[in-house]
Amino acid sequence: MTVATSPAGLDNRVVVAGVARSWRDLPVPALPSPGVVLAAGAADALAVARRHAVDGTELLLAAPTRVDATMRDELRAAGFAVTVLTAGVPQTVPPAVSRAPEAGRLWLLTSGSTGRPKRVGHSLDSLTTVRSAQPERTWLCPYAPGSYAWWQVVTLSLTQPGQHLVVVDPDELDDWPAIAAAHGVDAVSGTPTFWRRTLHRDPQALARVPLRQLTLGGEPVDQAVLDRLRELFPAARISWIYASSEVGASIVVHDGRAGFPVGWLDRVTPGRPTLSLRDDELVITSPHHGVGLDGPVRTGDRAQVVDDRVVITGRLDSDEINVGGSKVSAGLVRAVLTAHPGVAWARVTGRRAPVLGRMVVAEVVPTTAPGDAGAPPDEGALVRWCADRLPEYAVPRRIRLLTEIPVKETLKSDV
Amino acid sequence: MNELSRAQIRDLMAQVVRNQGRVLPDDDSTDLREIGFRSLDFSELALRVEDATGEELNFDAPGLRRIATVGDVLDFLAELQRQ
């Protein structure tokens, strides 16, 4: 395992709570190893990351809300001290069992979308997936501390000269375009829900951010959100990434289209992930995998070939809806709904129904952007829009209109 | 229990049909095939009744019958609410 002692990005600019400094200027908190650090604030989280980069302490970093009391006890039983770090002040509960630290080991928690979060072993090296020289960028990091996506942006800035970082705390998220514009952010990575919320709330403010790189990941990416971002940023590079704690960053698509080319399936290239489909499930063999996850990993994500693309539609256990014996992909129905010009966000689910067993139903947030033509679509208009594009059994019949796009701490909305 | 009247169920049925770009005829003896009202529409209507009353309909109850006309649908759902 490689332990970075002098990361190449230490002189990159880091902006926290409106204050610009460099990684080198961040405080280096004294923390136990092996240690779990629960940091809600962006400044604390970055200081912990810097500490790990410098001396390779065994570390699991997470937002406090990600680790409940039961999990804290489990981690202490596994030899971790548990520290809550608030504004630079640590409060530490010692481990229940003493053990030697594993130098350079970074632990991540899985998103927990299929149950309790699991611990996956990585290192700064295995989390660093961008190694070639990059054009100078100032990145916005909106992710919760310690998530895979957060580490992706943080390792990029720590290891690559010229990759600056502007972090926002959760209470600043709704105003991120103003913060980003004020600090020269020209690259942003966020979930599709993060982007849809921004497009929904204030597209004009978003358009004022001089973005050259937009990245989407963490949820299924549909064509509609890519197209709307392209309208605002016609010259920018718009990329979507498939990444997880288990298999790392495994798919990167820059052509502005949803899904990845069918030709990428089962292509074996040394040093790069191999992508396969088994029974509609995406299976990945990745060099960026977590500890013990070498070889093919069943991702639990459903993927379908649509024309010349492989489209990831959602979680295997929730994407498929059986309507009277006919199988419906919630993700594909969602893509049809979000392609409606009056729809900002949609969630599609199955609901128990007489005669058929289940029916397709949806929740939709209409667009409210100034300049939108006419009134927002009503249920009937959306049903007819879907009926023109989907088989009859796949048309959502009950469509509830919401006013706000729901979002969780992970910046996802469990679509 | 917040039971819907036959007229209220008819309004919901009209909405189901309207969402498909069609019109529900006034005549209760209209054959469902004439207006293209099929099992998907029937299931949707049942969900709308459930949403309006806050009660699940019990389709396991005995007495399921042949449903051929608009009136049959309304009678059946009105009756089902009481089971």
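**Entry 1. Confidence**

I note that pLDDT is the predictor's confidence in each residue, on a scale from 0 to 100. I am working with a predicted model. For chain B I looked up the mean pLDDT and found 89, with 92% of the residues of chain B reaching 70 or more. For the model as a whole I recorded an ipTM of 0.86 and a pTM of 0.84.

**Entry 2. The sheet of six strands in chain A**

I traced an open sheet of 6 strands in chain A, and I wrote down its order as β6-β5-β3-β4-β7-β8, with mixed pairing. Which strands stand at the edges? I found β6 (89-93) and β8 (119-123) of chain A there; each has a single partner strand, so one side of each lacks a neighbour in the sheet. From one strand to the next, the twist averages 25 degrees.

I then followed one pair within this sheet. Strand β5 (residues 81-86) of chain A runs antiparallel to β6(A), and 5 bridges join the two. Opposite A:L85 I located A:P90, which belongs to β6(A). As general background, I recall that strands of a sheet pair through backbone hydrogen bonds, either parallel or antiparallel.

**Entry 3. The sheet of five strands in chain A**

I traced a further open sheet in chain A, in which 5 strands follow the order β15-β19-β18-β17-β16. I noted the pairing here as antiparallel. The edges are held by β15 (260-261) and β16 (274-278) of chain A; since each has a single partner strand, one side of each is left without a neighbour in the sheet.

I examined the pairing of β16(A) with strand β17 (residues 281-285) of chain A, and I found 5 bridges in the antiparallel sense. Which residue of β17(A) is the bridge partner of A:S276? I identified A:V283 in that place.

**Entry 4. Backbone exceptions in chain A**

I checked two places in the backbone against a general expectation. Most residues other than glycine have a negative phi, and most peptide bonds are trans. The peptide bond from A:S33 to A:P34 is cis, and its omega is near 0 degrees. I placed A:P34 in the loop between β2 (19-22) and β3 (35-39) of chain A. A:A17 is not a glycine, yet I read a positive phi of about 50 degrees for this residue. I found A:A17 in the loop between β1 (13-16) and β2 of chain A.

**Entry 5. Helices α6 and α8 of chain A**

I looked up how helix α6 (residues 192-201) of chain A packs with helix α8 (residues 223-232) of chain A, and I recorded an angle of about 50 degrees with the axes 11 Å apart. The two helices, α6(A) and α8(A), are therefore oblique to each other. I noted their crossing as left-handed. From α6(A) the contact draws on A:P192, A:W195, A:R196 and A:L199, and from α8(A) on A:V225, A:R228 and A:L229. By class I recorded 5 nonpolar, no polar and 2 charged residues in the contact of α6(A) with α8(A).

**Entry 6. Helix α1 of chain B and its partners**

I began with helix α1 (residues 6-19) of chain B and helix α3 (residues 70-80) of chain B. Their axes come within 9 Å and cross at roughly 120 degrees. This makes α1(B) oblique to α3(B). The crossing of α1(B) and α3(B) is right-handed. I listed B:R6, B:I9, B:R10 and B:M13 on the side of α1(B), and B:V73, B:L74, B:L77 and B:A78 on that of α3(B). The contact of α1(B) with α3(B) has 6 nonpolar, no polar and 2 charged residues.

I then turned to helix α2 (residues 39-53) of chain B, where the axes of α1(B) and α2(B) come within 10 Å and cross at roughly 130 degrees. Here α1(B) is oblique to α2(B), and the crossing is right-handed. On α1(B) the contact residues are B:I9, B:L12, B:M13 and B:V16; those on α2(B) are B:D41, B:E44, B:L45, B:R48, B:V49 and B:A52. I divided the residues of this contact into 7 nonpolar, no polar and 3 charged.

**Entry 7. Where chain A meets chain B**

How many residues of each chain are in contact? I recorded 15 residues of chain A in contact with 12 residues of chain B. I found that β22 (343-353) and α11 (379-387) of chain A each supply at least two residues of the side of chain A that touches chain B. The largest share of that side, 4 residues, comes from α11(A). By class, the side of chain A that touches chain B has 7 nonpolar, 2 polar and 6 charged residues.

Terms used: Residues numbered from 1 in each chain as written. Chains lettered and ligands numbered in written order. Predicted model: local features only at pLDDT ≥ 70, side-chain atom pairs only at ≥ 80, totals over all residues. Pairing = 2+ DSSP bridges. Axes fitted to C-alpha atoms, helices over the stretch in contact; angles between N-to-C directions. Contact = placed C-beta atoms within 7 Å. Nonpolar A, V, L, I, M, F, W, Y, C, P; charged D, E, K, R; others polar. Parallel < 35°, antiparallel > 145°, perpendicular 65-115°, else oblique. Left-handed = near helix turned anticlockwise from the far one by under 90°.
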